[in-house]
Amino acid sequence: MPPRQAQSKTNRKGKKGDEGIEEDVPMADRTAKDAGTGAQGGSQHAGTQAGARRTMGIDKYMDEYYDLEEKAREFLIGYARTDLIERNLAFGFYNDRRLNDDESKSLMDSFVCNGLRRFEYDNAINLIIDRDSIETPLTTQMLSRTEMGRVGEGLPELKLKGDDVKTEIHEDKRPIRTVFGPSIRAAGGRHRQHVLSRWVEAKKDALKTRESLRKDLQVLADKGEIAQEDARLQEARGDVDTIRAEIKTGGMWIVAIYDMGKMTDSIGLHLSTNQRLYSYAETAEEGVIQLFKLMQSQDKQWTDVTIESGLRSQKAGYKIRMLLQQEYVWRLLEKIAGTSNTHYTHSDIFKITRLTSDLISEYGGMLATLVVSLEDRLRLCFNTCASWDGEKVRKTMALLEDPTITDQEKEDADKYLNVQLRNLRSETPMASVISDELRGAIDKVYRKTLDKENVWRHFGTQSEVWMNAYRDYVMDVIETMETTYKSTKGRLTDADKDVTTAWETCASKARLVLNIEYTALTPHGLPFMSVGVWHALARQLKRVPSAMVEISSWFSPLVYNQRVIGGRWKIGSASADMIRAITSHPDLRRNHSLLSMNTLVWSLVRNFPALLRMEDELSKIDMPLRPDSAKHVKEFMLLEGKQRSPRDVRAARKAEHDGATT
């Protein structure tokens, strides 16, 4: 087979994660006649031979590699499909690798996250077989994807003399399964066979769960409590059909058959060689953005994200899907990952562990809402706004600082500035214009002026400490915008006029936004969003987890009284549950739900000192806070698990129990 494609997961120790391309995947190329057929492997093979001619006499390692490739092609009989689980495969003849549990788990995660590429030529398992024992005509031509079929039906199924013989496979002296046919020498594929067997068993368990859910929903539909067309019922039916089809395919996999009569040790070792070349692997952070944008391009949404059974919660694939199951994460990603800017996505806040910790938390929904709100403030400074007159705005703001201003002049000035603000809000922002250079510079200003413990704890208030530091922040941000524009101006000569206008006017707009853009909902003195502000917001909210859960629970009845609305939600954050309650309730949805959500979030910001006091009081209550499972309740009631009640309560209950039994 040709050199393998890039793996989905490789670290410096050489661990792999792509389901069809793990350490047992062989590296021998296909027959010369396969080149140029138009299939995936054919084009790779053609490039391989060209590469061989170019490197002859230059790269000794490649010379040796292609010599082995040429010899291996002479031994290839053809391709077929067979059931890896039921076949009597013998591993270890050329390279006796033990099953590695870590590799198996990673491979299983890849199966669950990325699917099984059973019938990709690059993923074929190499089998060494006596030519005379083969009863099925094999295919020597590489099939197109259409010819191959969805379940490999275009490939002949491997049939050998003696296939009627059954053999019991033992492990630790215990029978674990029965296989058929004669023993076949396999050059690689042990981990794939092992994990494929586990994958099929996991699918069987998943089928039981989904069938049970389908039956329960069908009962509700038959009673008329939900519609027959209910999305949950339709989804459950589709899941059952899909899983049944996957189980029916079983362990079927593409295999490359080599001639036992011609095989040599050197070629056998070559076929079973591990991947030695480094290949760049997608990081978990890239995976979040990639899957998010892919789903967007397919007109999918957060309700379409599923977490397959068997995927381990500590793995990146699980965390990616858990994040994307939250609609507030989608709103956030639309802001911070929807453009070409990388200020957020290439920072430490976007590391998968940090991102999950911040967003799948009691305060995650509130944090996401605040980030979006503060990011929108910055974007107000970057739009075309044809009526904008920066000099007049500056003079009007200066007039408001004049102690001799009359009441009528003040009223007219306030009216003019508010009209300008409304104009800014009504224009479409040009988010892609805001460069990473500018975002980074604004973040440095924030860290210099506001990111201090004695200052930030006054965030959301009108205290003198905060407002003094905020005034320094505003002046430095305006100066930073003007300086950045001057350094960027030379690169804007070929830019669109709207882009140039946005840069020319951003500093004067920031002067208005940072000084005037606040309402009865939002406190005065809010900075523009940046990575440093994210850190500070998370740091503050992390101080009140219990209070956040308690406040959120006040709004839960709005959700749970609306059974149709709440059915498909996956609660990743208590504060997000609260926001859902506001934004989805029918009465509020008809009447400015977004305004209601912002009112709620900024009210909590203004009342943060009260939340701190509530947190302190709640920490003294020795009871489970808003238990979300029977397990938590039973643990508290001393029925099972950890003992969470006070010592005197446990002693009293034990004494009561002892008295009752004597």
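Here are some questions and answers about this predicted model.

Me: Let's start with the whole chain. How many helices and strands does the secondary structure come to?
Reply: Happy to start there. The protein chain holds 662 residues, and buried ones make up 49% of them. Its secondary structure comes to 28 helices and six strands.

Me: What share of the contacts in the protein chain with a separation of 6 or more comes from residues 24 or more positions apart?
Reply: Contact here means heavy atoms within 4.5 Å. Among contacts in the protein chain with a separation of 6 or more, the share from residues 24 or more positions apart is 78%.

Me: Which residues touch the most other members of the largest nonpolar core?
Reply: As a general background, nonpolar side chains in soluble globular proteins tend to be buried together. The largest nonpolar core in this model has 98 residues. Its largest share, 10 residues, comes from helix α17 (residues 464-488). The members that touch the most others are Leu359, Phe382, Tyr473, Met481, Phe528 and Trp534.

Me: How many residues are in the other core, the one with Leu107 and Ile184?
Reply: That core lies apart from the largest one. Val255 and Met263 are also among its members. The number of residues in it is 48.

Me: Phenylalanine 528 caught my eye. Which residues does phenylalanine 528 touch, not counting residues up to four places away in sequence?
Reply: Good pick, as Phe528 is among the residues that touch the most other members of the largest core. Leaving out residues up to four places away in sequence, phenylalanine 528 touches Leu374, Arg377, Leu378, Cys381, Ile442, Tyr473, Val477, Met481, Ala510, Val513, Leu514 and Val533.

Me: Is glutamate 375 buried or exposed?
Reply: Glutamate 375 is found in helix α12. Its C-alpha is 6.4 Å from that of phenylalanine 528, although the two are 153 residues apart in sequence. The cut-off for buried is under 20% relative accessible area. With a value of 0%, glutamate 375 is buried.

Me: Which residues is glutamate 375 in contact with, leaving aside its neighbours within four places in sequence?
Reply: These contacts belong to a residue of helix α12. With neighbours within four places in sequence left aside, the partners of glutamate 375 are Lys335, Tyr344, Arg439 and Met529.

Me: Now the aromatic rings. What is the centre-to-centre distance between phenylalanine 382 and tryptophan 503?
Reply: The whole structure has 11 aromatic pairs. In one of them, phenylalanine 382 and tryptophan 503 meet edge-to-face, with 85 degrees between the planes. The distance between their centres is 5.5 Å.

Me: Why does the pair of phenylalanine 382 and tryptophan 503 tie together parts that are apart in sequence?
Reply: Phenylalanine 382 counts as buried at 0% relative accessibility, and tryptophan 503 counts as buried at 3%. Phenylalanine 382 lies in the loop between α12 (364-379) and α13 (390-401), while tryptophan 503 lies in helix α18 (residues 497-516), so the pair joins parts whose separation in sequence is 121 residues.

Me: Which residues form one aromatic cluster with Tyr446?
Reply: Tyrosine 446 pairs edge-to-face with tryptophan 456, at 5.8 Å centre to centre and 85 degrees between the planes. Tyrosine 446 sits in helix α15 (residues 436-449) and tryptophan 456 in helix α16 (residues 453-456), and both are buried. The cluster joins Tyr446 with Trp456, Phe459 and Trp466.

Me: Where does glutamine 540 lie, and which residues does it touch, not counting residues up to four places away in sequence?
Reply: Glutamine 540 is in helix α19 (residues 531-541). At 9% relative accessibility, glutamine 540 counts as buried. Beyond four places in sequence, glutamine 540 touches Trp456, Arg457 and Phe608.

Me: Which helices do the buried residues of α13 pack against?
Reply: Val393, Thr396 and Met397 are buried in α13. They cover an arc of only 95 degrees around the axis, which puts them on the same side of α13, whereas Lys395 and Glu401 are exposed on the other side. The buried residues of α13 pack against α14 (407-426) and α18.

Me: What distance separates arginine 185 from the ring centre of phenylalanine 93?
Reply: Arginine 185 lies over the face of phenylalanine 93. Its distance from the ring centre is 3.5 Å.

Technical notes. Residues are numbered from 1 along each chain as its sequence is written. This is a predicted model: local features need pLDDT of at least 70, side-chain atom pairs count only at pLDDT 80 or more; totals for chains, interfaces and linings use all residues. Side-chain values use heavy atoms; hydrogens and water are left out. Rings of Phe, Tyr and Trp (its six-membered ring) pair if their centres lie within 6.5 Å; planes under 30 degrees apart count as stacked, over 60 as edge-to-face and the rest as tilted. Helices (H or I, at least four residues) and strands (E, at least two) are DSSP runs, numbered from the N terminus. Buried means under 20% relative accessible area, exposed over 50%, partly exposed in between (1.4 Å probe, protein chains only). A charge sits over a ring if NZ of Lys or CZ of Arg is within 6 Å of the ring centre and within 35 degrees of the ring normal. A nonpolar core is a set of buried Ala, Val, Leu, Ile, Met, Phe, Trp, Tyr and Cys residues joined through side-chain atoms within 4.5 Å. The arc is that of the directions from the helix axis to the C-beta atoms.
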